[in-house]
Every structure is written in C-alpha cells, then in structure tokens.
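Me: I should like to learn how to read a protein model, one feature at a time. May we begin once the sequence and the structure are in view?

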Amino acid sequence: MKKNNFYISFVFAATLAMSMLAGCKKAFLQPDPLSFYEPEATFTTRSGIDATLALCDRHLRAYWSYTTTRDISVPMNSEYMLSDVAVSGKTDDGNIFADVATRLTPTDGMYQNDINMLSYFWGETYNGIKYANTVTTYINNVPGLDETAKQEYLGRAYFHRAFRYLALCFQFNNVPLVSKILSGPKQNYKSTSREAILEMITRDMENAVAWVPDQSQMAYIGMVNKGACRQLLIKCYLATGQWDKAIAQADTLINNSGYALMNSTFGTFENPFPAAWPVTRNVIWDLHRPVNKCIPANKEAILAMPNRHGTDAGIALRSMRNWGPMWNISTLVSPAGKYMQSYASTNKSYRANLDFNSAVGRGIAMIRPTYFAQHGLWAVNGIEDPTDLRHNSTVGNWARMDSMKYNDPSDALYFGKNLQLYDGDRLLCTDTVRNWFDWPHYKTFVTDPDHIANPNSNNNRGGAADWYCYRLAETYLLRAEAQFYKGNTGAATADVNAVRARAQCSELYTTVTIGDIVSERARELWMEEWRHMELSRISYSLALSGKPDEWGNAYTVNTLSENNYWYQRIQHYSDYYNKNRVLVKGRNYTIAPHNIYLPIPQSAIDANLYGKLRQNPGYTGYDASTEMWTNWQDAVADEDTN
C-alpha cells in the first residue's frame, strides 16, 4: 500500500474527470453529468470511477480555496459573514454585504461574487452531489469489481453526498432531493423535508462506516476514509437527536481508531520571517503548518485535503489576502501622518525586521473578526486566558496590530516604533472595520510562492496549502455536545477541557453550557468548520434536546425561523449586527432570525417549470401550504417521473 503518499498523485484522474463532468455552471436540474463523454463508455471502467471520486475530493477542497475571477473572495468567507465571529469587511464597496436582513432575498444578496459567495453553496453543492451520484448510478456497470471494492466506492460516494446534503439542510432547510443521474430532464421537483433527507444520509453513512477502510488501509493520504465517515455520521446522529449513537461513534474514533490529539511539537518547524515575526515553536503552530497536515506523524488529522503548490491539485487559498487586515493604506497612519509600506517594493535598503508584507501578508479584509472573536471569546471563568496558545501573541501565534511597526523611513519620529490606534484622543485610523483588528496568524499564514519568486511584489496573498476537513479535536467537541444534550455535563466538560489542555490553557471549565462548547469550537476550528452551517445545526439539535442555552432560552424545531440559538448568539456576542449600528457606505449591519436559513434561489424555483419548491419563511414567495416530500423513499421514487 502507498499509504504515505499524498492523494495529489490522483490529480491526473481529477483533471480527466473535470473534462468528463464539466457542468459546474449548469443548473442542478440538468441531469447530464457529462460534456462529451458517453456514460456507458466512461463509467464502465474502474479508472472512470476513480476519476470521479478524485473530482469529488478536489471539489470538496474548493469550498475553502475557490476564488472569484478577481481573486478576492473564497466561499468560506460567506459562512463566517453570517455568524457570531465575523462580518463583511469590504468597506470600499457600496454593495457591501452588511444589511443582511434587507439584502438577503431570493433574487439578491446571494449573487455578489466579489462580496459574498452564497450562491456557490447552492449551485456547487448540487454539482458535488451530481458527481457523487455519478458513482452510485454507474457503479454496477463496472465489470470485475468484487463486493468489497464496490462497497468501498459506494461508501466514499455516500460521504460526499451526505457531506453536501448535511450542509444544504442547515443552510437552506428543505431542499430538492436528487439521488441519481437521470436519463432525461426533470422539471417537476418538490422540496423534500430536512428530516427525511437527514434520515437518508444517516442510513448512508452507517453503511459507509461499515464499508470504507481505515486510513492505514487506504492507498493515499487524503482519500475519504473510515474515520472521516465516522465523523460525519456523528454529525448525522446529532442532527437526528440520536445522542447515544453519536457518543458511541465518538468513543470509537477517539479511543480505538489510531487517532490522538497532538500534544507536542512535531513535523517541520517553519519560521520563515523571524526578524519581522518571530515564532517560538509550539504545538499549535506546528499543527497548522501546511507541511505538517498530511504527514503520518500527525495523528490528529482525520481527513486532510492535500493542496500542494506546483501540482494540478494546487489551488491558492489566498488566506492572508482574505482574512488579514488592510494595514498598507492611507486610512491607517502614524501620528506623523505616514502610512505603512509594503516594504519590499520600495527602493530603500531592505530591513528584514520591518518586512511585514512577507511576514504576515498584505490583507484586504474581505471578512473581519468581531470584537467578540478577538477578545470576549477568549475569556473563560471571567478571565481572558493568558496562556491559550491559540490566542497567544508572545509566541507569535496570534497577531496584534500593535505588534507591527511603522516602516516608512521618511517617518523620522515613528520609524521602527509599534503601531498605535490613538495619538492621545486622536484616532489614527479612519476605517477600523477594515484596517485595524487582531487575527489568528497561525491559521492564516501560508507561504505565497508568487511573492517568494518576486520579493519586490507588494501583494503577499497566501498560496496553495494542505487544509483540514476533520480533526480529532472536533470529535471531542461533538461528543461534548451529545453529552450536554443528554444532561451529562461532567462528561461534556471533560471533553472541552481536553481540547483546552492541549492548547495549554490555564483556565479550564468547571461545568459547561452549550455556549461554552460552541465558543470552544470557534477557538479551535476557525476557518475549518462551516461556522454558520454548524450554528444552524446546533440550533436544531438544541431544540430537539429541549435543553436551554446559556441565557435560559429553550427552542422548538418548528419555529426556528422566528427564534433560534444562531440568532441569539449573534445578538449577544456580535458587536456589529443590530447592536452598535456600525454604518458602512450608508448601510448598517443587520441580521434577522429567519436568516438562519438562506433563501431558495429564485432562479432554481423558476427553472423548475412543472413543480414548486418551498421557499423559507421570511422570504418573498414563502407559502406554508406548498407540498413537499416527507419521506425520502417517495422523493427518490418520484425522480423517474417527468
């Protein structure tokens, strides 16, 4: 077995599949998965199925790495704009996605690709389902496959389909169920209830856990493995209220699957710009170095996504560009009125200790963290934990604006001194939304080969890098969630504290609320979890459990569009939405309870000529009497009717 090789060795297959399945811009209702290949020929070989699954894996990475034509946004940004920890930061755009309560409609708001990419989560998620359905539809056409091989292929396809349907269920609520590649066009879909879809994907993932091998038995690192299937099954059990089953699966993953939290430094230590940004080696820094994410020594990675520069699989994340502050601009100046230079582009002598362009990247803050994400989130037991490695600027993990230094040599009084926000009572930054905030440098820093090749470049954006889909730290937090719903707060507290102890926190919980568990997710899983979707899922699970949130509120499943935990967290913790009335380009940051679900795009409704999809409450076109399938078997049986 080639278990130590990276899955990017399959890139040639993914490239082939991209040709075969070229349909990313088509509506999900289009049944044909091919552009110019005949399915009877292409999908009667094992290599054709391998190519399709390789495309599924590549497509999964794109949620974190796909950029617009202007290279200034990634889909994951939109998940964070609709959460408690970040908001849109593109303040120079009159169309900024700030007034969500008004702007997010079935015909607007989702289609602003330079500001948000919410439409991506509809169209591309259905494309991902189409790719997975290609395997499930044609697998029986492949000669020579024994039952074990066939089940492994099916299990991996089920993972991809279930991953995407779980996202759709908590981003869009009730959606059309498409389970196969159809022989002809279908334009009479009905929505299928979320509960029915969750039941189907839970069954599928139970099979996947039984059929897909462990990573140790896989040919390449980065392929969907049993551990990844088990992690997704845990989420399915949480979404269907099966707490004991979720705990049992988490127990197996934590105790009996060969995984472990990384508690010590490991792998390669990267500290490429120590003069400007020194890093003291620590386990959190090592854990999030791209070079360490896919190596066998990393026992915490359940499903990592290889994404290497110089290969066909390499897609630049642009992490520093998207998630870092815009510090190199005239709206942020020293007391003498001089602004920061993207230092390597000047004609002055090079000073490595002031090359912040190379050290932290030149951000444009497509999203910016809330004040809560920078400060309040890190308080446990009423104390902002001073030793938490994830929020530690002393070791270099956490970046503070006032750790940077003025680097314009013509600024005689302040050259080489630390940045400051105020000069006495005078504010030195006229755009604190975009230009001044702290951020998790250990997550965002990714070497940009374009900048390395051209050190005079003033735009260090972040290059291709391996990324995590699932880690064991999340498994602990998922088990904590299930234990909380069962009323086992002691066990839930122990799981949260295990994650905190690894981060070398000095403040541990004595007992946890659902809020503490969700906050720990934010600390540990920034830009790994789909923050809005997970908060929506947790809102649903919390309602199923009947347990109160940290403010004593209880919720019901059928009224989540009116009041839900996602909305309450934003109201209590975000200093933007509906609270301080931050005004940008004439727009306030606002959000409403019904925005927990995105609107079903009007374009999808209109394309479904002979059927009617159910719109979500709070959006134009909502009609509670619109029929939908309430069990998945009926929806699947109806797929063959036109």
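Me: In which sense do strand 3 (residues 191-192) and strand 13 pair, and over how many bridges?

Reply: The model before us is predicted. In it, strand 3 and strand 13 run parallel to one another and are joined by two bridges. One can point to a particular pair, for Thr 192 has Trp 629 of strand 13 as its bridge partner.

Me: What is the order of the strands in the open sheet, and what is the pairing?

Reply: The sheet is made of three strands in the order 2-3-13, and the pairing is mixed. Strand 2 (175-176) and strand 13 (628-629) are the edges; each has a single partner strand, so one side of each is left without a neighbour in the sheet.

Me: Which strand is joined to strand 4 (residues 301-305) by four bridges, and do the two run parallel or antiparallel?

Reply: A general idea helps here: side chains in a regular strand alternate between the two faces of the sheet. In the present case, strand 4 is joined to strand 10 (residues 467-471), and the two run antiparallel. Ala 304 stands opposite Tyr 468 of strand 10, while Met 305 has Trp 467 as its bridge partner in that strand.

Me: How many residues of strand 4 are buried, and how many of strand 10?

Reply: A residue is called buried when its relative accessible area is under 20%. In strand 4, five of its five residues are buried. Strand 10 is likewise mostly covered, with five of its five residues buried.

Me: Where is Pro 306 found, and is Pro 306 buried or exposed?

Reply: Pro 306 lies in the loop between strand 4 and helix 13 (319-323). Its relative accessibility is 3%, so Pro 306 counts as buried. Measuring by C-alpha atoms, Pro 306 and Gly 89 are 29 Å apart in space and 217 residues apart in sequence.

Me: What distance separates the C-alpha atoms of Ile 221 and Ile 302?

Reply: Separation along the chain and separation in space are to be read as two quantities. The C-alpha atoms of Ile 221 and Ile 302 are separated by 9.9 Å, although their positions lie 81 residues apart in the count along the chain. Ile 221 belongs to the loop between helix 8 (194-211) and helix 9 (226-239), and Ile 221 is buried, with a relative accessible area of 10%.Me: Is Asn 140 buried or exposed?

Reply: Asn 140 counts as exposed, at 57% relative accessibility. Asn 140 is placed in the loop between helix 6 (120-138) and helix 7 (147-171). The C-alpha atoms of Asn 140 and Phe 437 are separated by 54 Å, and the two residues are 297 residues apart along the chain.

Me: What is the phi of Asn 381, and where does Asn 381 lie?

Reply: The general idea is that most residues other than glycine have a negative phi. Asn 381 has a positive phi of about 60° although it is not a glycine. Asn 381 lies in the loop between strand 6 (379-380) and strand 7 (383-384), and is partly exposed, with a relative accessible area of 46%.

Me: What is the phi of Gln 504?

Reply: Gln 504 has a positive phi of about 60°, and Gln 504 is not a glycine. Gln 504 is placed in the loop between helix 20 (489-502) and helix 21 (514-524). At 44% relative accessibility, Gln 504 counts as partly exposed.

Me: How many helices and strands does the protein have?

Reply: The protein has 25 helices and 13 strands. Its radius of gyration is 24 Å, close to the 26 Å that the globule rule gives for 642 residues, so the protein is as compact as a globular protein of that length. The C-alpha trace spans about 75 × 50 × 50 Å along the principal axes.

Me: What share of the residues is buried, and what share of the contacts joins residues 24 or more positions apart?

Reply: Of the 642 residues, 62% are buried. Among contacts with a separation of 6 or more, 73% are between residues 24 or more positions apart.

Me: What is the accessible surface of the protein, and how many positive and negative side chains are there?

Reply: The accessible surface comes to about 21900 Å², and 49% of this belongs to carbon and sulfur atoms. There are 61 positive and 63 negative side chains, and the centres of the two sets lie 3 Å apart.

Conventions:
Residues are numbered from 1 along each chain as its sequence is written. This is a predicted model: local features need pLDDT of at least 70, side-chain atom pairs count only at pLDDT 80 or more; totals for chains, interfaces and linings use all residues. Side-chain values use heavy atoms; hydrogens and water are left out. The radius of gyration is taken over C-alpha atoms; the globule rule is 2.2 Å times the number of residues to the power 0.38. Buried means under 20% relative accessible area, exposed over 50%, partly exposed in between (1.4 Å probe, protein chains only). Contact means heavy atoms within 4.5 Å. Accessible areas come from the Shrake-Rupley method with a 1.4 Å probe; for residues, only the protein chains shown count as cover. Lys and Arg count as positive and Asp and Glu as negative; His and the chain ends are not counted. The place of a charge is taken as NZ of Lys, CZ of Arg, CG of Asp or CD of Glu. Two strands pair if DSSP finds at least two bridges between them.
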